[in-house]
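Here are some exercises to work through with the model open beside you. Try each task on your own before you read the solution.

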Amino acid sequence: MTADGMLALHTLRKGIPGTMPLVLLHAFPVDHRMWLDVTDLLPGERTVYAPDLPGFGTSPSGPDVAEAVGADPEQPSIDVMGDGVAATLRRAGIERAVIAGLSMGGYVALSVLDRHPDLVAGLGLIDTKTTADDDAARAKRYELADTLVAEQRVDAVFSMRTSVLGRTNRIARPDLVERIEGWINDQGPSGVAWAQRAMATRPDRSHLLPAFTRPSLVVVGEEDDLAPVDVARKMAYALPDSDLWIVPRSGHLTSNESPQPVASGLSRLLRRAQLADQAD
Ligand code: MLT
């Protein structure tokens, strides 16, 4: 845990100095370890960072990060996560990077783009969406957050060990179910509840996409029920310079169900972003 409210920033791979770094933002309710499979398949010259978002892994709690970035500690918010990522990167001397996030990590990547656009040389949106929750989804999140806090256990989100996988891998990949369960088990109920409340209040950020002219990547699992293919297609069409990768036999956690296409898409995104910056 960091003492100053900055996030735990994990260097998953040290690359060649001067090449465009990659920052990977994890999904709910896990931590930076979900990116290890993808990192293994990325080209060696790239430095790859993955923070633990507030309240996950070894990062400080949401309220502590809020205080560190000058936000209201009483208000869980995706923007506290985004500001925490930006402050942590700057503290580590990272002023420009490709920022990519999966699901909740995508909501945070969009917050960074909105509030710290100078940091974003390229954007990866993986199994995620730009829209806000409707009232029913928001109410479900608050109910789940209350249960997590009341029970002081993370059992209420255990079902995600299978629901994040596609229908193929729920059956074919018991090893993956077990790994995800281990990651979920390592999180604290307060951090998980805080993130649910933060996601409940996130704004619609669809308007950012047509204005982002830098290289971008949209990835979606063909069997993703939580952020489905039609949502990904819309995001890719709205982004002026995007690649769209639809991953067969994969659900919501493409990073671990099918890490190879995710790594290939990110690798291409890094090259495109570096070339675009060099052309300036
Ligand atoms: C995730 O995978 O991060 C979650 O499905 C995000 C969400 O609950 O909206």
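**Exercise 1.** Decide whether Ala 263 is buried or exposed, and find what it touches.

*Solution.* This is a predicted model, so keep that in mind throughout.
- Step 1: Locate the residue. Ala 263 sits in helix H13.
- Step 2: Check its accessibility. The relative accessible area of Ala 263 is 1%, and buried means under 20%, so Ala 263 is buried.
- Step 3: List its contacts. Setting aside neighbours within four places in sequence, Ala 263 is in contact with Val 38, Leu 41 and Leu 42.
- Step 4: Compare with a residue from another part of the chain. Leu 7 is 256 residues away from Ala 263 along the chain, and their C-alpha atoms are separated by 24 Å.

**Exercise 2.** Work out how helices H3 and H9 are oriented to each other, and which residues meet there.

*Solution.* A general idea helps at the start: two packed helices are described by the angle between their axes and the distance between the axes.
- Step 1: Find the helices. H3 covers residues 78–91 and H9 covers residues 189–200.
- Step 2: Take the distance and the angle. The two axes come within 7 Å and cross at roughly 105°.
- Step 3: Classify the angle. Angles of 65 to 115 degrees count as roughly perpendicular, so H3 and H9 are roughly perpendicular to each other.
- Step 4: Name the residues. H3 contributes Ile 78, Val 80 and Met 81, which meet Trp 194, Ala 195, Ala 198 and Met 199 of H9.
- Step 5: Sort them by class. The contact has seven nonpolar residues, no polar ones and no charged ones.

**Exercise 3.** Follow Met 81 into the largest nonpolar core.

*Solution.* In soluble globular proteins, nonpolar side chains tend to be buried together.
- Step 1: Look at the core as a whole. The largest nonpolar core has 84 residues, and those touching the most other members are Leu 22, Phe 28, Met 81, Met 104 and Leu 266.
- Step 2: Ask where its largest share comes from. Helix H4 (residues 104–115) supplies that share, with seven residues.
- Step 3: List the partners of Met 81. Beyond neighbours within four places in sequence, Met 81 is in contact with Leu 53, Pro 54, Met 104, Val 108, Trp 194, Ala 195 and Ala 198.

**Exercise 4.** For three salt bridges, say which parts of the chain they link and whether their residues are buried or partly exposed.

*Solution.* The whole structure has 24 salt bridges.
- Step 1: Begin with Asp 118 and Arg 90, whose side chains meet at 2.7 Å, N to O. Asp 118 is in the loop between H4 and strand E5, while Arg 90 is in helix H3, so the pair ties together parts 28 residues apart in sequence. Asp 118 is partly exposed at 43% relative accessibility, and Arg 90 is partly exposed at 30%.
- Step 2: Move to Arg 161 and Glu 181, which meet at 2.9 Å, N to O. Arg 161 lies in helix H6 and Glu 181 in helix H8, so this pair ties together parts 20 residues apart in sequence. Arg 161 is partly exposed at 26%, and Glu 181 is partly exposed at 28%.
- Step 3: Finish with Arg 272 and Asp 243, which meet at 3.5 Å, N to O. Arg 272 is in helix H13 and Asp 243 in strand E7, 29 residues apart. Both Arg 272 and Asp 243 are buried.

Methods
Residues numbered from 1 in each chain as written. Predicted model: local features only at pLDDT ≥ 70, side-chain atom pairs only at ≥ 80, totals over all residues. Heavy atoms only, no water. Axes fitted to C-alpha atoms, helices over the stretch in contact; angles between N-to-C directions. Helix = DSSP H or I, 4+ residues; strand = E, 2+ residues; numbered from the N terminus. Parallel < 35°, antiparallel > 145°, perpendicular 65-115°, else oblique. Contact = heavy atoms within 4.5 Å. Nonpolar A, V, L, I, M, F, W, Y, C, P; charged D, E, K, R; others polar. Core = buried A, V, L, I, M, F, W, Y, C linked by side-chain atoms within 4.5 Å. Buried < 20%, exposed > 50% of the residue type's maximum accessible area, 1.4 Å probe, protein only. Salt bridge = Lys/Arg side-chain N within 4 Å of Asp/Glu carboxyl O.
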